[in-house]
Structure formats: structure tokens, C-alpha cells
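Hi there,

Here is the structure I promised to pass on to you. Have a look at it first, and then read on for what I found.

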Amino acid sequence: MNRELIMVIDQLGREKGIDKEVLFEALESALLSASRKSLPGDNMRIHIDRKTGEMRAYARRKVVAEVTDPKLEISLDEAKALNPEAELDDELDLEQERPPQDFGRIAAQTAKQVILQKVRDAEREGIYSEFAGKEGQILRGVVHRIEKRNVILEIGKAEAILPEREQIPGERYNPGDRIRAFVLEVRRSAKGPQITLSRTHPGYLARLFETEIPEIQEGIVVVKATAREAGERAKVAVASTKRDVDPIGACVGLRGTRIQVISRELRGEKIDIIEWSHDPATFVSRALSPAKVSSVTVAADEAAEVMPAAVVIVPDNQLSLAIGKKGQNARLAAKLTGMRIDIKSESEVESERADAEEARAALTRFAGGATGVVEALEAAGLTTPRAIVDAGRAALQELAAVGDRADKIYVAAEEWLTARAQPAIEAEAPAEPAVDAEPPSAGA
């Protein structure tokens, strides 16, 4: 019996991938639960010899000067007889003379349930420990079933879920398909480890580059940032740690072979590879590729919470290319650089500059040519007639340099705005319908 027990535990440990010590502890706990009638008390424990399989029962008792409960306590004299080094308040494990050997049907069933539960718990903990360290990595699995558009994959001894929101739009899966996915999260749950996968996460794209491109595996080329709209388009910023290695060429491969493999894995997703730069303006300019950029102005805010902004000026014929279809190119560039990007055409900038010059000239006229008044208005943020009208007379009167000119400047600003608005209204008014000639009479 004892030898058979050791063999069963060895076999079970190999099949389930569970440490034998865990199984021994589970069996001891099960036997203790099953023998509550024959071994009453909470101070009992059962020990199984790991080599021989022999079972012994022990009762833990506290060494006291005067015994009040013989089941829980032992006198100091009796303890000294068993262990000469025993002292008061020590706890001794005393072996029972008759360890339990036979169990009833209910006790045996209880032991079985305890063992099975312990084995299941150990299996779950083993699976969690195996996959907990794999967050952010790529796993390969087999599609097992599809539940409410969520794909359940078998990955070794565990199951993982690929939620609908993490699937590339347009992808279709069938049972038996082998697919790769990015480990998004591994967490404990009542039913065991919950492994969530993703094929849309930007990290999946970065891991594919590491897998398919040897220079990235060796650390010669580094993926600095990724941004993607799954199934449509992605941007990847790469840099080289060696001057003589072209990071873009290494990622593209001979005749595009390397990037084509990655694109096919992502169901034809178009991938733009750009070279990363320490200079934010240069990085933004490259991120808007394939559009050509005239200039980039980066305004970094002192507050860390505020995202830095970049104003990008492009030629008129490059504006639609820079923005992209439904703003896709600009969105991806913003995600890649971590900046707010405002794209303007050269003609738009020229128009804004002309409007600013015209507004300043108007302020000079309003102020009667007084430079000090114009400077006071600009210092207060009243740089345009619109700003003056919006601020109101009270704001003008508070400026010492303006003085009694406040009413005159305010009225002039209102008239200027009215004059500017009139041509626009006339341009928007529908033209009067042309009067048709009278149809010829029937007798004509």
C-alpha cells in the first residue's frame, strides 16, 4: 500500500506537472479531514513519510505548569520526560499510538474531494506561474472554439481568450487555425488563470519586428515607438546603435521581404517605417511621411501634464497627404510622437499672416497712431478688433494707456468687424433665379 502510494504520487506529479511535495501536503490534508471522528481536535496533523509512504498522526500540545485540558496541554514534567530541552510555553508534536488506518465511505469521499481540489488548485497556480511572466510576449495557439465572437485558443495546458475588440477587423477564425497573438494580461480568477490576448495592440507589432528581424534581436536596431490602427495602417520608429547600419533598410529587407512577412501576419496592414530622431521637430517631420513638410515648430509647455504641441506647415499640394484619409496619417503621427500636431498649408499660413498684419494696422488706426496705446492693447491680449469687441468697453477703460480713447477704439473695432462681415454675407446669399422667357404661344 505504502509503495503503491509513492508510485501514484510520482505518476500524478509527472502527468499534471505538479511538485510532489504539493501532492503529499494535499494527501495529508485530505486524510486529516477524513479522520476527524477518530482524531478529534484542531491540534492534530498527519505526516506521510516521503520515502516509505508510512503515515503517522501527531497531536500538538502546549507545555504548561498546570494542565487544564489534556487534549491540548501537557505538564512540564511529562514534556521533560519526552524532550529534556522542553520549556514552559513550548509546543510539542506527540505521535499518536494508533494512527487511523480505515475510513468509512463518507470519510473516503471527503478525502477524494480534498485531494482533487488541491490538485486543481495546484494546476491553476502552476499555469498562472507559467504565463504570468509572459505578459508582453507573443504566443502561438490553436483556435479551440468561438463564443459570442470571442476566440478561445489552446496554448499548451491553458486556454486563452482573444476578445472581439482585440481582433483585427475583417479577420475570420475557424477551429483548428494556428495563430499568433500578444499576451495582454494574465490574472487570477475563480475558474483559474484568465489569459487575455490581442492582435491589435501596438506591442504586438513591436514584438513581430523583434521576431522577424535579426538586427533587432541582436540589439543593432531598436524599435523606439509604434502606433497602429489595426488592419489598416501602422507607423514604426526605429533607430540604429551602429552608424554603418541603416535601420529602415534592415527592417524592410531585400526587396521588402522582411516587412512583407510582418504585413501578411497583420492581414495586409500597411506599415510605414521611419527613422527615429532625438530632435522633436525632425521626428514629427518624419512621422508625417510620406508627406513632404516645409517646417515644424514645437512648443513645449512647462507643465508636465500638458502634451507638447507641434505646428507643421506643408505645401498646399501636400496637405491632404499629410492629413491622410479621414485624418489617419496625422492621428498615427500624433500617437507615434506623443504630441498634438496642427497641420497647416502654406497658403493658410500666408493668409493668417496677412490677417494679422491687417489687424495690427487697424489697431494702429484705432489708436490714432499712438504706439504706446497699441503696445498696451497687445500686452493685454487685445491684438485684434474681434478681441477688443469680445473684451468689452470695461476692459479697455481699465488700461491706463488707453484712457479716454476706450469708447472711440471700441466703436471703431465694431465698425471694422461689421464692414468685414458684410461682404461675406453678400457672398453667401443665394443668387436671384433668372427669369425664364415666356414660352411661345401655341399658334406661333
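Glu166 is buried, with a relative accessible area of 12% (buried means under 20%, exposed over 50% and partly exposed in between, with a 1.4 Å probe and protein chains only). Please keep in mind that this is a predicted model, where local features need pLDDT of at least 70, side-chain atom pairs count only at pLDDT 80 or more, and totals for chains, interfaces and linings use all residues. Residues are numbered from 1 along each chain as its sequence is written, and side-chain values use heavy atoms, leaving out hydrogens and water.

You will find Glu166 in the loop between β7 (158–162) and β8 (178–187); helices (H or I, at least four residues) and strands (E, at least two) are DSSP runs, numbered from the N terminus. Setting aside neighbours within four places in sequence, Glu166 is in contact (heavy atoms within 4.5 Å) with Leu184, Leu197, Ser198, Arg199 and Thr200.

The strands on either side of that loop belong to a closed barrel of five, in the order β5-β6-β7-β9-β8 with mixed pairing; two strands pair if DSSP finds at least two bridges between them. From one strand to the next, the twist averages 50°. (Axes are lines fitted to C-alpha atoms, for helices over the stretch in contact, and angles run from 0 to 180 degrees between N-to-C directions.) Helix α5 (residues 202–212) packs on this sheet, touching β5 (138–147), β8 and β9, and its direction makes about 125° with that of β8. Within the barrel, β7 pairs with β9 (residues 194–198) in the parallel sense over two bridges, and Ile161 has Thr196 as its bridge partner in β9.

There is also an open sheet of three strands, ordered β10-β11-β12, again with mixed pairing. Its edge strands are β10 (221–229) and β12, each pairing on one side only. Eight bridges join the antiparallel β10 and β11, and Val222 stands opposite Ala239 in β11. α9 packs on the sheet, touching β11 and β12, while α11 lies across β10, β11 and β12 at about 135° to β10.

Which residues of helix α9 (residues 280–287) are buried? They are Ala281, Phe283, Val284 and Ala287. These residues cover an arc of only 160° around the axis, so they sit on the same side of α9; the arc is that of the directions from the helix axis to the C-beta atoms.

Enjoy exploring!
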